[in-house]
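Got a minute to go over how some of the labels on this fold are earned? Pull up the structure and we'll take them one by one.

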Amino acid sequence: PISTVAEVWQSAAMRASSSGRVHRAPVTVCVPTRDRPDRLTRCLESLRAALSDDDELIVIDSASRDAASTERVAREFGARLLRLERRGVARARNAGWQAASYPSVLYVDDDVVVDAGWADALSAALDSDRRIGFVTGRILPPPGQRPSRDVAIKRDDVPASYDRHSV
């Protein structure tokens, strides 16, 4: 039996990489963006490879000056587009979860490229214990790049999970 979130995460990631897909409930993935269609394209390419046909992909345009480019990219990848007239990543994330069709909502920023087993592993970690309200995995800068600050960098490979008593 799997007893820790780390073991659940690693087990799901291994199954996804070896068999292609893990049977799981559908998830909603929310991607906030603003005026970065090139980064959004790379992000959505990786997400489409990680998601199943049943999953929902929502792009939240946080008041882009060039809304047409964001709309074009979202449409190209079959994502539902929400357009906000006021910018703000927190506002965009909130609009995304409020529009979500599924109870498990995953977030990824538009400058992130996910692994093929990303959604399966996060879903498995969330499903492993009903008390878990938030899960995060390793977040690294692209190869050869150094971040100006380690605000959202998580270098260890053990997932972190949080419940309502964690913060």
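Q: What makes strand 1 and strand 2 a pair?
A: In this predicted model, strand 1 (residues 28-33) and strand 2 are joined by six bridges and run in the parallel sense. The cut-off is at least two bridges, so they count as paired. To see one of these bridges, look at Cys30, whose partner in strand 2 is Ile58.

Q: How do you know that strand 2 also pairs with strand 3?
A: Same reasoning: five bridges join strand 2 to strand 3, and the two run parallel. With at least two needed, they therefore pair. Asp61 stands opposite Arg83 in strand 3.

Q: What connects these strands into β-α-β units?
A: Helix 2 (residues 37-50) sits in a right-handed unit with strand 1 and strand 2. Helix 3 (residues 67-76) does the job in the right-handed unit made with strand 2 and strand 3.

Q: Why is strand 2 called largely enclosed?
A: Because seven of its seven residues are buried. Both faces are covered: Glu56, Ile58, Ile60 and Ser62 are buried on one side, and Leu57, Val59 and Asp61 are buried on the other. That split fits a general pattern: in a regular strand the side chains alternate between the two faces of the sheet.

Q: Why is Glu56 called buried?
A: Its relative accessibility is 12%, and buried means under 20%, so Glu56 makes the cut.

Q: What makes Glu56 and Arg80 a salt bridge?
A: Their side chains come to 2.5 Å, N to O. The limit is within 4 Å, so the pair qualifies. Glu56 is in strand 2 and Arg80 in strand 3 (residues 80-84), 24 residues apart in the chain. Arg80 has a relative accessible area of 34%, which falls between 20% and 50%, so Arg80 is partly exposed.

Q: How do you know that Glu85 and Arg83 form a salt bridge, and why is Glu85 called exposed?
A: The closest N and O atoms of Glu85 and Arg83 are 3.5 Å apart, so the pair is still within 4 Å. As for exposure, Glu85 is at 62% and the line is drawn at over 50%, so the label holds. Arg83, at 35%, is partly exposed.

Q: What makes helix 5 mostly covered?
A: Nine of its ten residues (118-127) are buried, among them Trp118, Leu122 and Leu126.

Note on methods. Residues numbered from 1 in each chain as written. Predicted model: local features only at pLDDT ≥ 70, side-chain atom pairs only at ≥ 80, totals over all residues. Heavy atoms only, no water. Buried < 20%, exposed > 50% of the residue type's maximum accessible area, 1.4 Å probe, protein only. Helix = DSSP H or I, 4+ residues; strand = E, 2+ residues; numbered from the N terminus. Right-handed = clockwise from strand over helix to strand, strands pointing away.
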